[in-house]
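Biologist: I would love a close look at one part of this protein. Could you walk me through a pocket, and tell me what lines the place?

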Amino acid sequence: MKSYFIRHAQVLFYVLGQLARTPVASAMTILVIGITLALPGGLYLVIDNIQRVATGWDGGARVSLFLKHETSPDQSKRLLNKLQRLPEIKAVQLITPAEALAEFKTRSGFGDALDALDRNPLPPVLILTPAPDASDAVSLETLMNHLKAYSEIDLAQLDLEWVKRLNQILLLAQRGVILLAVILSLAVLLTVGNTVRLAILNRRDEIEITKLIGGTDAFIRRPFLYNGMLQGLFGALTAWLLIHGSLLVLQTPVSRLAHLYSSQFGVSGLGLQNSLILLLAGASLGWAGSRLAVGRHLREIEPR
């Protein structure tokens with residue numbers, strides 16, 4: 001067992017030396033793989049961040065209940081307690097007329113004009129956040145019909161069409177990213193396979209001699225498999241650097257834009273789990289592309 005790992009370690013360092021001896025060719029192949037993997041990875045991050053933004057929007061999957069003007073504070077609190085016990089509702093927030101007026105003054109810029117009013121024209125408002133398993137359009141519509149039965153509620157507002165459109169757009173984008181990832185994965189396979197094919201042709205004489213002296217196909221195949229795997233791994237690492245480099249460039253403008261909307265939103269990166277998936281996918285695609293190329297061309301090379 002120890003000699004097995006030693007042989008693999010020797011091959012690994014041998015392949016690393018080969019890549020270092022051809023820095024320009026190796027760097028170009030790795031960069032092509034990196035850009036190819038960065039495209040679906042970057043689009044995945046865009047969709048993930050859009051979903052995070054949509055979750056934080058006031059109109060996104062939330063219900064605004066405008067109570068009748070004559071509803072007293074005690075009645076508002078009793079209704080809040082009733083709604084909190086419903087399994088379809090995750091959280092309920094009460095906005096009193098005074099709080100609503102103060103926020104409207106701050107956001108509208110008409111503070112002086114509003115001070116001239118004889119009374120507060122704004123009603124109490126309850127903001128409902130549906131539970132995660134009740135956030136689809138059908139469940140929200142059922143919840144809206146149930147809320148209409150409460151006598152304290154004057155108006156229940158929810159843009160169901162907006163929710164449906166958002167869900168469909170995100171679903172379409174997710175499937176598009178998956179399709180793009182599959183197509184670009186094939187491109188990585190072809191890139192690695194072509195690189196390994198050229199390496200096999202350049203070492204044709206060496207392979208024939210190795211076979212003459214009894215070298216097995218597994219022995220001959222091993223350095224090429226490591227070559228493809230390392231190129232895929234370094235390509236995935238390059239993709240990770242490209243993605244997070246782009247995030248660093250966009251972080252400041254996005255933060256400034258979010259600040260204008262009184263939001264603390266910040267662009268999120270891949271995270272540890274998705275980063276490991278990206279690196280594993282790159283190494284696996286490199287290994288698979290190399291395996292396909294080696295399996296095909298080794299059969300065609302026989303000692304004369």
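Modeller: Happy to help; here is the pocket, after a short word on the whole chain and before a stop at one residue. Please keep in mind that this is a predicted model. The protein has 304 residues, 36% of which count as buried. Its elements comprise 10 helices and four strands, and from the N terminus they follow the order α-α-β-α-β-α-α-β-α-β-α-α-α-α. Among contacts with a separation of 6 or more, 82% join residues 24 or more positions apart.

Now to the pocket itself. The one I have chosen is the second largest, with about 540 Å³ of space. Its lining is made up of 20 residues, and Pro40, Gly41, Tyr44, Val177 and Ala181 are the ones nearest the centre. Three helices each give at least two residues to this lining: H2 (23–56), H7 (160–202) and H10 (271–300). Sorted by class, the lining holds 14 nonpolar residues, five polar ones and one charged one.

As a last stop, take a look at Glu152, which sits in the loop that links helix H6 (137–147) to strand E4 (153–157). Leaving aside residues up to four places away in sequence, Glu152 touches Leu67, Lys68, Thr71 and Leu79. This glutamate is buried but has no salt bridge. The nearest side chain of opposite charge belongs to Lys82, 4.7 Å away, whereas a salt bridge is counted within 4 Å.

Technical notes:
Residues are numbered from 1 along each chain as its sequence is written. This is a predicted model: local features need pLDDT of at least 70, side-chain atom pairs count only at pLDDT 80 or more; totals for chains, interfaces and linings use all residues. Side-chain values use heavy atoms; hydrogens and water are left out. Buried means under 20% relative accessible area, exposed over 50%, partly exposed in between (1.4 Å probe, protein chains only). Lys and Arg count as positive and Asp and Glu as negative; His and the chain ends are not counted. Contact means heavy atoms within 4.5 Å. On a 1 Å grid over the protein atoms alone, a cavity is a set of points where a 1.4 Å probe fits but cannot get out, and a pocket is an open set with protein on both sides within 12 Å along at least five of seven lines; lining residues have an atom within 4 Å of a point. Grid points are joined across faces, edges and corners, and a volume is the space filled by probe spheres set on the points. Ala, Val, Leu, Ile, Met, Phe, Trp, Tyr, Cys and Pro count as nonpolar, Asp, Glu, Lys and Arg as charged, and the others, Gly among them, as polar.
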